[in-house]
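Please open the model in your viewer and keep the selection tool at hand. The stops below say what to select next and what is there.

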Amino acid sequence: MKRAGTLRLLSDLSNFSGAARLRELLAGDPAVQVRCSPDGRHLLLLRPPGAPTPQLLVAVRGPGAELELAWPEGHPSPLDAFFLASPVRPALGLVWESGLAEVWGTGVGPGWQLLQSTELCPEGEVRVVAVAAPRGRLVWCEERQTGSEDRPGPPVASFSHYVCVKTLEPSGETGTKLGRTQVLLHHCPPFQLLASRKDVFLVPTATTWAGVAHILLIWTPSKGRVMVAAPSLGLSYSKSLNLRQGDAWDFRVLLRGLPGLLSPREPLAVHTWAPTPQGLLMLDFRGTVNLVHTHGGTRTVGTLQEAPVILQGSAALGTFHGTLACVLGSTLELLDMGTGQLLERKVLSTDRVYLLEPPAPGMKEEDELEIRGGLPLLSALGLFYVGWETPQCHELPTAMDLVFEEACEYYQRRSLRGAQLTPEELQHSSTFRAPQALASILQGHLPPSTLLTTLRAELRDYRGLEQLKAQLVAGDEEEAGWTELAELEVTRLLRTELTGDQLAQLNTVFQALPTAAWGATLRALQLQLDGNGRLSSQAPPDVWKKVLGGTAAAKEPPNGILPPFELLCQCLCRLEPRWLPPFVELAQQQGGPGWGAGGPGLPLYRRALAVLGEEGTRPEALELELLLGSRRPKAVLQAVGQLVQKEQWERALEAGLALGPASPLLRNEIFKVLLTEFAQHRRLDAHLPLLCRLCPPELAPEELLLLLKTHLPDEVGPPTPFPEPGAEPPLTVGLLRTLLEQTGVQRRPSGPVLSLYEDSLWDSGTPPPTPPRGPLTALQGSEHPGLEAWAPTGQSFCIPDIRNHL
């Protein structure tokens with residue numbers, strides 16, 4: 001069900017004091033300024049200079065006296081007048097161009113009385129050009145004489161204005177008085193001042209120098225800050241401006257410290273400004289309404305059906321309950337501030353309508369006038385209320401309903417048939433594909449409030465990043481700022497798809513600030529190093545997927561841009577080389593279908609080795625660690641081979657033992673490599689216990705002896721019981737026995753001896769009996785071949801001819 005806008009008469013003005021004069025001024029003078037008091041009971045009308053008397057009228061609803069003021073010809077009338085937010089009773093402030101200010105009030109005596117008269121600009125030769133009265137303050141812009149008109153560059157008079165403020169202080173029974181003067185801005189261009197209850201908007205005027213006419217300022221006294229915004233550039237900056245701390249800014253210095261604001265731009269072409277609680281509304285001459293938020297951001301609200309043709313055309317803007325109300329001439333348009341859709345358009349019976357600010361929340365008059373949730377309108381015909389009439393069973397239209405309603409109006413205008421189209425017909429007819437497709441897309445879309453909640457953290461991070469960039473360009477805390485900028489940028493990029501420009505940006509950050517970039521990656525991956533030198537990670541798989549993706553099969557990356565994994569490996573080589581092997585080992589434990597260690601492309605250890613350089617130029621220690629940590633058979637055997645070449649026996653043995661029982665084949669290969677070395681020289685003898693541990697338990701003694709026989713060094717002469725001086729000692733039975741004890745553990749017999757020599761391979765625990773001593777007799781070689789090489793009892797045994805007799 002569609003909402004219905006209502007325009008209801010609240011009062012025909014007969015319950016206001018001076019009703020006849022009030023109607024006369026509203027109907028007779030199109031340039032009259034109209035304001036409403038915060039309590040909603042008083043109306044203020046101020047006529048421009050030169051108008052017939054009275055120039056000022058204050059009418060009150062209900063009991064109370066009106067105020068009429070007139071100034072004779074030759075005496076200037078006030079520049080502006082407004083109600084002051086007095087905590088005791090209504091107060092009225094009048095300000096003249098000369099700087100004279102008066103405060104009027106009621107309650108002490110009959111009618112209105114002058115409570116205070118003061119000079120805002122006691123120095124003289126000062127002209128007030130604009131005034132505003134936010135809650136509890138009086139703010140004005142004054143022009144001062146410079147006396148330096150001959151300087152080159154922009155006219156000095158363009159920056160000869162000051163923005164000052166006076167606080168409103170309670171003063172006993174009289175109610176309110178103006179406090180001391182404080183300067184907010186000096187050496188600034190002329191500004192028009194607009195105020196909501198919490199903010200003051202400083203906007204350019206027709207006389208503002210063109211070089212800064214695209215800039216506006218938003219001062220929020222409660223937060224002690226000023227936002228400098230350039231809507232046409234999409235830039236905004238926040239600066240401290242706290243009166244309690246005595247802050248004041250030179251406008252020229254302020255802009256010089258904010259990069260990008262002075263880029264050449266056309267002045268803001270605005271027909272009407274309107275302050276609202278949400279920010280500042282701007283209506284341009286094309287009929288487009290933009291909203292400048294108090295945080296400096298700008299967005300388009302919508303476009304009116306009619307555009308203001310001339311500058312003097314009357315227009316008024318206001319907001320209520322997410323709705324924009326615009327009175328342009330005699331037309332009232334209501335737009336949805338979220339979507340910009342035109343909700344309703346009404347033609348009024350008069351073209352002199354004023355939108356009033358609704359009473360402050362909690363005021364009694366808000367309920368008495370029944371304008372809660374709406375907006376008051378004033379004309380000579382009376383005080384009206386514009387709002388929405390919602391039935392009891394009202395349901396807000398969904399996004400799909402809005403699509404079909406808008407499409408229905410569009411197709412109806414283009415249709416040549418006389419039948420009326422309905423949204424239901426569009427939903428079920430196969431002719432209208434476009435609205436059906438759009439509605440299907442919008443079925444799962446989030447409402448604006450939920451979407452804003454979801455994006456709030458992203459928007460806050462993005463805004464902080466932009467402010468930090470501006471701080472760096474200005475040169476404030478440069479070193480710490482660059483570090484923070486790099487960390488924020490890396491964190492942001494890791495949340496995006498790392499391709500194209502994003503990947504190039506990541507490479508740039510790592511090249512310029514590697515320490516900060518690695519620190520951000522460390523936090524993103526949640527890496528922790530334990531006491532054993534191993535890394536662990538609590539990061540979700542999505543983050544690892546982005547880091548391990550982008551496999552580069554080529555040796556030279558395109559345009560020097562490295563994938564994220566190679567980029568991190570390169571950074572670790574420069575900063576923390578000892579972290580590289582455990583990082584690659586941790587990365588190999590990650591992965592999912594189609595990505596990670598089990599995905600297509602090069603293995604991760606080879607990608608890391610490619611970062612270290614060509615083979616032969618890599619750091620040997622890192623290369624060995626990467627090969628051993630890869631757990632790939634070829635890589636581990638390559639590492640063991642390098643260790644054997646360097647005669648790092650203990651480390652080679654530990655590499656085999658570290659594999660554990662899960663890799664029996666690889667352990668066997670490493671054992672065979674080291675057994676070959678054991679058979680050829682005696683440099684492994686000191687590490688024989690480790691070699692015995694590495695020996696496969698399923699290896700039979702005869703298999704071990706065959707392996708030894710294959711790799712024993714060739715004999716260069718007849719066998720001798722002792723090696724020649726300087727020669728390599730041969731393999732002895734004492735060394736061999738320790739290895740033989742480790743073989744065949746799984747196949748060691750538990751029953752009777754099945755072979756003639758099998759019992760000699762096991763340690764029985766009891767030595768054989770000593771044969772009787774007597775004269776030695778020569779043994780016949782035909783019966784016992786090879787036994788003549790054995791030494792007498794008591795000498796060490798040598799087996800130089802084991803290859804021929806086993």
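Select helix H12, residues 564–575, in this predicted model: at 1.5 Å a residue its 12 residues should span 16 Å, and because the end C-alpha atoms are indeed 16 Å apart, the expected and modelled lengths agree. Now show the side chains of its buried residues, which are Pro-564, Phe-565, Glu-566, Leu-567, Leu-568, Cys-569, Cys-571 and Leu-572. Adding the partners of these buried residues brings in helix H9 (501–512), helix H10 (514–525), helix H11 (541–548), helix H13 (580–589) and helix H14 (604–612), against which they pack.

Move next to the open sheet of 4 strands, ordered E6-E7-E8-E9 with antiparallel pairing. Strand E6 (80–84) and strand E9 (112–119) are its edges, each pairing on one side only, and the twist from one strand to the next averages 20°. Within the sheet, select strand E7 (residues 91–95) together with strand E8 (residues 100–106), an antiparallel pair held over 5 bridges, where Gly-93 stands opposite Val-103 of E8.

Then go to strand E2 (residues 33–36) and strand E3 (residues 42–46), which run antiparallel and are joined by 4 bridges; here Val-34 lies opposite Leu-45 in E3. The hairpin they make has 5 residues between the strands, and Gly-40 takes a positive phi near 80°.

Finally, colour by confidence: the protein averages a pLDDT of 77, with 77% of the residues scoring at least 70. Over residues 750–764, however, the pLDDT is below 50, and it also stays under 50 over residues 777–806. Where pLDDT is low, predicted coordinates should not be read in detail.

Key:
Residues numbered from 1 in each chain as written. Heavy atoms only, no water. pLDDT = per-residue confidence, 0-100. Contact = heavy atoms within 4.5 Å. Pairing = 2+ DSSP bridges. Helix = DSSP H or I, 4+ residues; strand = E, 2+ residues; numbered from the N terminus. Expected span 1.5 Å × (residues − 1). Buried < 20%, exposed > 50% of the residue type's maximum accessible area, 1.4 Å probe, protein only. Axes fitted to C-alpha atoms, helices over the stretch in contact; angles between N-to-C directions.
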